[in-house]
Amino acid sequence: MNTNTLAGDQIQDRRFSGGDTLNEPVLETLMRDVRAVGRRVKQVLYPKVDANVDVESGQIIREWDLWGPLVFCLFLSLALSISAPAQQTSLVFSGVFAFVWIAEAFVTLNIKLLGGSISFFHAICILGYALFPLVPGAILSLAVKSMIIRFPIDVALVAWSLFASMRTLKGAGVREGRVVLAMYPVWLFYGWLGWLCVIT
């Protein structure tokens, strides 16, 4: 630690010690964000069924970010646009990308209007991370041309996304009688994206 004197005041220069991220190296910041995205993806891949053991994963998802949802939305849009006809590639990419973010905003607004206590960006984070199982479905649509093979796989992936999002949104604060009204748009959202993976 270097100590300098400037106008009678002592100024100390110090290297990053883990508490202040202003002096943190860029690579360390990126790796910390990648690890956080990995933990949230793990929660989507293995959502805990028992509510009594959901404390650890609930703590992870409470610290929301939009990195994972952005990356998954880009992969989904890219995979679906590659499988589209050449003259519609940019239209499909921009359409899917815009649909995902607008639909997530409307679903979140619906949850908030039904009395949900979850924050807006927290809900978008949960819905965006639950997109992860649909990304392999979109990639599968590039490799497998048979709709008969793709359909059951995409149904399973949509069910996985629904289960993960509903499991995590369970604590959104929606009253007991309004849960179906809050979850119906979520089912439509993932169902439509899954159907896009089947038909492209």
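**View 1. A nonpolar surface patch in the predicted model.** Trp64, Ile102, Phe106, Leu109, Leu113, Phe120 and Phe121 form a nonpolar patch on the surface, together offering about 730 Å² of accessible area (Shrake-Rupley method, 1.4 Å probe, with only the protein chains shown counting as cover for residues). Patch members have over 30% relative accessible area and no salt bridge, nonpolar side chains (Val, Leu, Ile, Met, Phe, Trp, Tyr) being joined within 5 Å and like charges within 9 Å; a salt bridge is a side-chain nitrogen of Lys or Arg within 4 Å of a carboxyl oxygen of Asp or Glu. Helices H4 (89–113) and H5 (120–129) each supply at least two residues of the patch, and the largest share, four residues, comes from H4. Helices are DSSP runs (H or I, at least four residues) numbered from the N terminus.

**View 2. Trp64 of the patch.** Trp64 is found in the loop between helix H2 (55–62) and helix H3 (67–82). With a relative accessible area of 40%, Trp64 is partly exposed (buried is under 20%, exposed over 50%, partly exposed in between; 1.4 Å probe, protein chains only).

**View 3. Pro185 in helix H8.** Pro185 lies in helix H8 (residues 179–199) and is partly exposed at 23% relative accessibility. Beyond its neighbours within four places in sequence, Pro185 is in contact with Val107 and Asn110 (heavy atoms within 4.5 Å). The C-alpha atoms of Pro185 and Ala103 are separated by 8.6 Å, although these residues are 82 apart along the chain.

**Notes.** Residues are numbered from 1 along each chain as its sequence is written. In this predicted model, local features need pLDDT of at least 70 and side-chain atom pairs count only at pLDDT 80 or more, while totals for chains, interfaces and linings use all residues, and side-chain values use heavy atoms, with hydrogens and water left out.
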